[in-house]
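Reader: I should like to learn how to read the features of a model of this kind, one after another. May we proceed by question and reply?

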Amino acid sequence: QGLSSPMLRCPSQRLLDRIVRRYAEVPDAGSIYMDHLTDRDKLRLLYTLSVNSHPILLQIFPDVEGWPFPRYLGSCGRLVVSASTRPLRDFYGAAPEVAADLALQLLAVLRSMGTNDLNYFFYFTHVDAGTFGVFSNGHLFIRDASTLGIIDKEEGSQLIDGQQEYKDIFSCLTVDCQSAFVSCNSIGEKHSLVMVCRELLPKLLKGKFLQPVQEKIDSFLQHCADGLTDDQGVNGAVAKLAELLKPLRSCDSRFAYRYPDCKYSDKY
């Protein structure tokens, strides 16, 4: 209780079980007996969750299962080794068709993090140009998962009354102890979409297309960024934006993650 990590602000027993069973930094990771963690292992896990939950997320939601994270290769103290990506900021000056492709991928990632087969709802507490990255094949991933929170839509949050006042030995390592916590119940589907529409998509799509297409894109982005409507209103603006962007991307070898499949499938 009380860990400051966004990942554990709205915990459930199902999520905690997944963390313990998939924690890879122990000799017998995945044991069904749950007796493979020594006291040192437990402290290391708690410390990692407190300081930077990024490597834990990469372990419990691996890319081989389709999650939009880089592959986790290992860690040593604060050093984490994973497959490399270029940050999204490197593509702010990219060609229009590349920008459209990345924007569509970004929206698809957010959609998958909100709706998936495991019924976990992922939301960002902060996004910037380094949060997302792009592999050499053009595929976009979440490059920094340390600001991701998780809500269990199957079990619901088990945050007890007063838990935000509880202090453990790690609570004040990385954040202000007096910081106000956002209520789990107040986080909706539009939470991450509004952040991305404000912070990332305008920089990626600004001035990229001819009128009147650019004007429509800017209008949908503004509607999404305002976030004044309910989840459905923001989702509607994002859906219209995606529909507008789809014809603007191209199908060629620059997009190796979907080429040549895009020539033969409407999916792309």
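Reader: How many of the residues of β7 are buried?

Author: This is a predicted model, and in it five of the five residues of β7 are buried, so the strand is mostly covered. L148, I150 and D152 point one way from β7, while G149 and I151 point the other way. Residues of both groups are buried.

Reader: Which strand is joined to β7, and in what sense do the two run?

Author: The general idea is that strands of a sheet pair through backbone hydrogen bonds, in either a parallel or an antiparallel manner. Here, strand β7 (residues 148-152) is joined to β4 by five bridges, and the two run antiparallel. As a point of register, Y120 stands opposite D152 in β7.

Reader: Is β4 enclosed or open to the outside, and why?

Author: Strand β4 (residues 120-124) is largely enclosed by the rest of the structure, because five of its five residues are buried. On one side of β4 point Y120, F122 and F124; on the other point F121 and Y123. Every one of these side chains belongs to a buried residue.

Reader: What is notable about the backbone at N119?

Author: In general, most residues other than glycine have a negative phi. N119 is not a glycine, yet its phi is positive, at about 60°. This residue lies in the loop between α4 and β4. With a relative accessible area of 30%, N119 is partly exposed.

Reader: Where are the cis peptide bonds that you would point out?

Author: The background is that most peptide bonds are trans. One cis bond runs from Q211 to P212, with omega near 5°, and P212 is found in the loop between α6 (201-205) and α7. Another cis bond joins Y259 and P260, with omega about 10°. P260 is placed in the segment after α8.

Reader: Let us turn to helix packing. At what angle do α7 and α8 cross, and how far apart are their axes?

Author: Two packed helices are described by the angle between their axes and by the distance between the axes. For helix α7 (residues 213-226) and helix α8 (residues 231-245), the axes come within 9 Å and cross at roughly 155°. Angles over 145 degrees count as roughly antiparallel, and α7 and α8 are therefore roughly antiparallel to each other. The crossing of α7 past α8 is left-handed. On the α7 side the contact is made by V213, K216, I217, F220, L221, H223 and C224. On the α8 side it is made by G233, V234, A237, V238, K240, L241, L244 and L245. By character, the residues of this contact of α7 with α8 divide into 11 nonpolar, two polar and two charged.

Reader: How does α5 pack against α8, and which residues meet?

Author: Helix α5 (residues 190-199) packs on α8 at an angle of about 45°, with the axes 10 Å apart. That angle makes α5 oblique to α8. The crossing of α5 and α8 is left-handed. K190, L193, V194 and C197 in α5 meet D231, V234, N235 and V238 in α8. The residues of this contact of α5 with α8 comprise five nonpolar, one polar and two charged.

Reader: What is the order of the strands in the open sheet of three strands?

Author: The order is β3-β5-β6, with antiparallel pairing. The edge strands are β3 (86-87) and β6 (140-142), each of which pairs on one side only. Strand β5 (residues 132-134) pairs with β6 over three bridges in the antiparallel sense. Within that pair, G133 stands opposite F141 in β6. Helix α4 (residues 96-114) packs on this sheet and touches β5 and β6. The direction of α4 makes about 40° with that of β6.

Reader: To conclude with the whole chain, how many helices and strands does the protein have, and what share of its residues counts as buried?

Author: The protein has eight helices and seven strands. Of its 268 residues, 46% count as buried. As for contacts along the chain, consider those with a separation of 6 or more: residues 24 or more positions apart account for 71% of them.

Terms used
Residues numbered from 1 in each chain as written. Predicted model: local features only at pLDDT ≥ 70, side-chain atom pairs only at ≥ 80, totals over all residues. Heavy atoms only, no water. Buried < 20%, exposed > 50% of the residue type's maximum accessible area, 1.4 Å probe, protein only. Helix = DSSP H or I, 4+ residues; strand = E, 2+ residues; numbered from the N terminus. Pairing = 2+ DSSP bridges. Axes fitted to C-alpha atoms, helices over the stretch in contact; angles between N-to-C directions. Parallel < 35°, antiparallel > 145°, perpendicular 65-115°, else oblique. Left-handed = near helix turned anticlockwise from the far one by under 90°. Contact = heavy atoms within 4.5 Å. Nonpolar A, V, L, I, M, F, W, Y, C, P; charged D, E, K, R; others polar.
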